[in-house]
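Visitor: I am new here and would like a close look at a single part. Could you take me through it slowly?

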Amino acid sequence: MRLLLEDIGAVISDVCTYFPQDGVLNTGGIGALKRNNGNGSGDDKGSGRLKPYDYAGLRLSRDIHNDTGVLLLSARTLLTYKEIELLIRQNIALKAGDVKQATTVQLIDDAIKEINEAFGDKEDGGPIPCDSIHDRIVPMIVQMSRHACLTSFWEHLILHDEYTSRHSIGVALMSRLIGKAMGLNEENLTELTVAGFLHDIGKVGIPQEIINKPGKLTTSEYERMKSHTTYGFDMMKNTKGITNRQALVALQHHEREDGSGYPYGLKGDQIDPFSKIVAIADVFHAMISSRVYKKPIPFYTVLREISRQAYHSLDAAASLCFLKRVMEMMVGNKALLSSGDEATIIMLNPDDPVHPLVEVNGRYIDLSKERSVQLECIV
Ligand SMILES: [Fe+2]
């Protein structure tokens, strides 16, 4: 779907007006996404030899036996830290050929399957499956963040089917990406990844008719929807295996820098930095995703909206880190301009990453200076 520039504000405004149930920027969708050239891996670039624990989150491609021929692990087993520790104790070193080289679709489908198994039919709440999250789900998200073609995940994380799981994975993945770009250490990255994954856990307490309502929510329905923040915090705050910061993210991910958010209208330093990061990831995924009640918004429109909100409702430093990191992945890729021309993204402007230098038919255009034309979508 292509939108003229003048339509963009109206679309965002309309969607926010009619579908305000998930925060200020509850718009979604993305145009056709294309795999990039492999220049945008998430966590750890490079093709060096994998360490044993780097295999966590992947599935075995063959049976693994010990020296005496005893079957230790069968093909298709998901490698968690426990399986890897078992192999280390047996002096078995995995090789690249021992694991399935999963496609992005397979990785996401595998993660969704794990989520469904871990959470089951949890409509009335219940214990949070912390062990499964840490041992099985987070390693899969880490694998995604290491993938050479991170943008290809977005294509499959925005689908309507299994939206809740895709949203949880997408927000965890993008939160991790932002945290990594901000220089967080591995311990903090893991804490943040889990926080991103569980940020909307409180929605288990909201009726599905409200969550999936195709029309405008009534005032009381909207208030009920907003309570997923406090409900999630209550679920998490005394749960073993969940940190205080992770519970705070569930409570604060709809708070905004300028005090326009909920549930308490906190501002700036009153909001935990993890909550600010997850808020950006949440807005990004919500905007690019397809829902029954939302029209798609082109990819670069989403990025520009986040850039604009960086000086109002979203944290400026975290937003800039996010935009730089995402746009770095796009260098070398083709994009459609609002003029209808196809451009190649050549180089970023560090202070204004969503307006890069592009090349169109041999002519270079600095979009930070030439504001009559903008990036629209990936082609
Ligand atoms: Fe939320």
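Visitor: Which residues does I178 touch, not counting residues up to four places away in sequence?

Guide: Happy to help! Please keep in mind that this is a predicted model, where local features need pLDDT of at least 70, side-chain atom pairs count only at pLDDT 80 or more, and totals for chains, interfaces and linings use all residues. Residues are numbered from 1 along each chain as its sequence is written.

Leaving out residues up to four places away in sequence, I178 touches I277, I280, A281, A318, C321 and F322. Touching, or contact, means that the C-beta atoms of two residues, placed from the backbone, lie within 7 Å.

Now for the surroundings. I178 is among the residues with the most contacts inside the largest nonpolar core, along with A111, I141, I280, F284 and I306. This core has 77 residues. A nonpolar core is a set of buried Ala, Val, Leu, Ile, Met, Phe, Trp, Tyr and Cys residues joined through C-beta atoms within 7 Å; buried means that 20 or more other C-beta atoms lie within 10 Å of a residue's own.

Helix 12 (residues 273-288) gives the core its largest share, 11 residues. Helices are DSSP runs of H or I with at least four residues, numbered from the N terminus. The core lies between domain 1 (5-46 + 103-329) and domain 3 (331-379), because both give residues to it; the domain bounds come from an automatic or database domain assignment. Another core lies apart from this one, with 11 residues, including L58, I64, L87 and V99.

Technical notes. Buried ≥ 20, exposed ≤ 12 C-beta atoms within 10 Å, placed from the backbone. Helix = DSSP H or I, 4+ residues; strand = E, 2+ residues; numbered from the N terminus.
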